[in-house]
Amino acid sequence: MGMDIAVAGEHVKDATSFHFPFGYHVELPLLDFGTLRLGALDLPVLGHIPAVEIPLRLQLTKFMVLELIVAVLMVLIFVPLAWRLRGGRPPRGRFVTFFDVILCYIRDQVARPAIGKHEADRYLPFLWNLFFFILFCNLMGLLPWAGSPTGTLSVTGALAVLTFAMVVGAGIQEHGLAGYVKSLVPHMELKGVLGIILKLMLWVIEFAGLCIKHAVLAVRLMANMFAGHLVLAVILSFIAAVANFWLILWFGVTIASVAGQIALMMLELFVAFLQAYIFTFLAALFIGMSIHAH
């Protein structure tokens, strides 16, 4: 409640520490693995290259810890769930049924229509992990004093790079390296030098479009999560902004801010599921486009 407007964005930023109520502060450690020393070299063309020392250090951040928590949660949930559902046994209980419904929906309504009934099952483990990792990271942002790792481009960019690798790998596995490279260009009855030039230009455009589509995946997810949590933080900071004014004004702003927070939290809960679904759906669509060439 004491958040200042100037620091309203701290909730959606990565940090090297956790800030809890009542001034409780937890600094995350800097892991020092020593120094990697590369000796001097004498090369015929480049000449003498002096020795270089590279420090091997890793600073743990808040989002790294939250991602690790998400990974542990996924293991704790889905490993026992897989054991319970193995052998075709029907799901029992609300908890198991809830996740079973989502898994079946992604398989039947996302993966198979986008990729193909026979090919989709090969990529289901990736799509399932992608959906629930993004979903759990999104939901982390709804916890006080936590934050959403998917609100930063470094996390969404890494997810987009993994998706890009899966899309290209699926195309190469289906068509071979040369076949996949050729499949990026639609078939055209063009011969001679003009045909070569046009096909090369189209290939560059298609490959650039492939990269841009995956870059948009990262930016879309990051922008939606960042903007939503920033709005939540700013609305909450209104309470602190009027703390030194009349009591009746502070009371009215507090009620309005809390009511707005509750309404937006419900919206953010919906957005958390929606953005995980959109990312997973587009990933499945791109995989299907890679497998089923022009």
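The expected span of a helix is taken here as 1.5 Å times one less than its number of residues, while helices (H or I, at least four residues) and strands (E, at least two) are DSSP runs numbered from the N terminus. The model is a predicted one, in which local features need pLDDT of at least 70, side-chain atom pairs count only at pLDDT 80 or more, and totals for chains, interfaces and linings use all residues. Residues are numbered from 1 along each chain as its sequence is written, and side-chain values use heavy atoms, leaving out hydrogens and water.

The chain holds six helices and six strands, and its elements run β-β-β-β-β-β-α-α-α-α-α-α from the N terminus. Of its 294 residues, 35% are buried (under 20% relative accessible area, with exposed over 50% and partly exposed in between; 1.4 Å probe, protein chains only).

On the strand side, Leu31, Phe33, Leu36, Leu38, Val52, Ile54, Leu56, Leu58 and Met64 make a nonpolar surface patch of about 720 Å². Patches are built from residues with over 30% relative accessible area and no salt bridge, joining like charges within 9 Å and nonpolar side chains (Val, Leu, Ile, Met, Phe, Trp, Tyr) within 5 Å; a salt bridge puts a side-chain nitrogen of Lys or Arg within 4 Å of a carboxyl oxygen of Asp or Glu. Areas come from the Shrake-Rupley method with a 1.4 Å probe, and for residues only the protein chains shown count as cover. Strands E3 (30-38) and E6 (52-59) each supply at least two residues of the nonpolar patch. Leu38, found in E3, is partly exposed at a relative accessible area of 41%.

Turning to the helices, H3 (residues 124-140) has 17 residues and reaches 24 Å between its end C-alpha atoms, close to the 24 Å expected. Because 13 of these 17 residues are buried, H3 is largely enclosed by the rest of the structure. Helix H4 (residues 153-183) behaves otherwise: its 31 residues place the end C-alpha atoms only 30 Å apart, short of the 45 Å that a straight helix would reach. H4 bends by about 110° at Gly176, the bend being the angle between axes fitted to the seven residues ending there and the seven starting there. Buried residues of H4 include Val155, Leu159, Thr163, Val167 and Tyr180.

Ala114, in helix H2 (residues 94-115), is buried at a relative accessible area of 16%. Ala114 and Ala284 lie 170 residues apart in sequence and 5.9 Å apart in space, C-alpha to C-alpha.
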